[in-house]
Amino acid sequence: MQRSSSELSQRDSYYLLIDSIVPRPIAWVSTISAAGVPNLAPFSFFTGVSARPPTLALSISSLVTRDESGVRHARPKDTLANLRETGEFIVHVVPASYREQVVRSAEKHPPELDEIALLSLETQLGTWTAVPRILSLPVAMECRLLRELELGDPPTTLVIGEVLG
């Protein structure tokens, strides 16, 4: 049976995409706020874009809440807020053995909580960025923010980053 994508709920569209685009690596993205607070969060929508310059794309949905009167409010996730403040991030590719830690980092935490410390992960500052790099992970791409593109509902930001190293 064929169906128009406009007939699907946001949830059904999401599951259709994540169940169809496989294998689907998870980007475990570290950032740091302007105040110096590290952040670590997983994202299931990311991909390579270009080889020259080496570039990747990361999709970050906004956090959506409703106030007492039912009015919808969207605000950027901590990762996007940090990217906008500093212009830097590191995309780690995580093996399946990190599943439990990745899930814990996806929980809703206040911006002042350091998920890296919460998970007791050993880091060092990046070589090309001032962002913490997880030492135990085999792939860490240090990136500089190039562009943003606003899409969708709930508001989603497509982040384009140049891989510096």
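## Exercises on a pocket and its sheet

The largest pocket has a volume of about 1500 Å³. This is a predicted model, with residues numbered from 1 along each chain as its sequence is written. Local features need pLDDT of at least 70, side-chain atom pairs count only at pLDDT 80 or more, totals for chains, interfaces and linings use all residues, and side-chain values use heavy atoms, with hydrogens and water left out.

**Exercise 1.** Work out which residues are closest to the centre of the largest pocket, and what lines it.

*Step 1.* Get the terms straight. On a 1 Å grid over the protein atoms alone, a pocket is an open set of points with protein on both sides within 12 Å along at least five of seven lines, and lining residues have an atom within 4 Å of a point. Points are joined across faces, edges and corners, and the volume is the space filled by probe spheres set on them; the probe is 1.4 Å.

*Step 2.* Of the 44 lining residues, Tyr14, Pro42, Phe43, Ser44 and Lys77 are the closest to the centre.

*Step 3.* Sort the lining by class: 21 nonpolar, 13 polar and ten charged residues. Here Ala, Val, Leu, Ile, Met, Phe, Trp, Tyr, Cys and Pro are nonpolar, Asp, Glu, Lys and Arg are charged, and the others, Gly among them, are polar.

*Step 4.* Look for elements that supply at least two lining residues each: these include helix H1 (10-20), strand E2 (38-43) and helix H3 (99-106). Helices (H or I, at least four residues) and strands (E, at least two) are DSSP runs numbered from the N terminus.

**Exercise 2.** Trace the open sheet of seven strands and find what stands at its edges.

*Step 1.* The order is E2-E1-E7-E10-E11-E4-E3, with antiparallel pairing; two strands pair if DSSP finds at least two bridges between them.

*Step 2.* E2 and strand E3 (46-51) sit at the edges with a single partner strand each, so one side of each has no neighbour in the sheet.

*Step 3.* Direction ignored, neighbouring strands are turned by 35 degrees against each other on average. Axes are lines fitted to C-alpha atoms (for helices, over the stretch in contact), and angles run from 0 to 180 degrees between N-to-C directions.

*Step 4.* Now add helices. H2 packs on the sheet, with E1, E2, E4, E7, E10 and E11 among its contacts, and makes about 50 degrees with E1; contact means heavy atoms within 4.5 Å. H3 lies across E1 and E2, at about 110 degrees to E2.

*Step 5.* Zoom in on Leu58: its bridge partner in E11 is Val159, while Phe46 stands opposite Leu58 in E4. E4 and E11 share seven bridges, and E3 and E4 share five.

**Exercise 3.** Find which residue pairs with Arg72 in a salt bridge, and which peptide bonds are cis around Pro53 and Pro154.

*Step 1.* A salt bridge is a side-chain nitrogen of Lys or Arg within 4 Å of a carboxyl oxygen of Asp or Glu. The structure holds five.

*Step 2.* Arg72 meets Asp153 at 2.6 Å, N to O. The two are 81 residues apart, with Arg72 in strand E6 and Asp153 in the loop between E10 and E11.

*Step 3.* Asp153 turns up again: its peptide bond to Pro154 is cis, with omega near 10 degrees. Another cis bond joins Arg52 and Pro53, omega about -5 degrees, and Pro53 is in the loop between E3 and E4.
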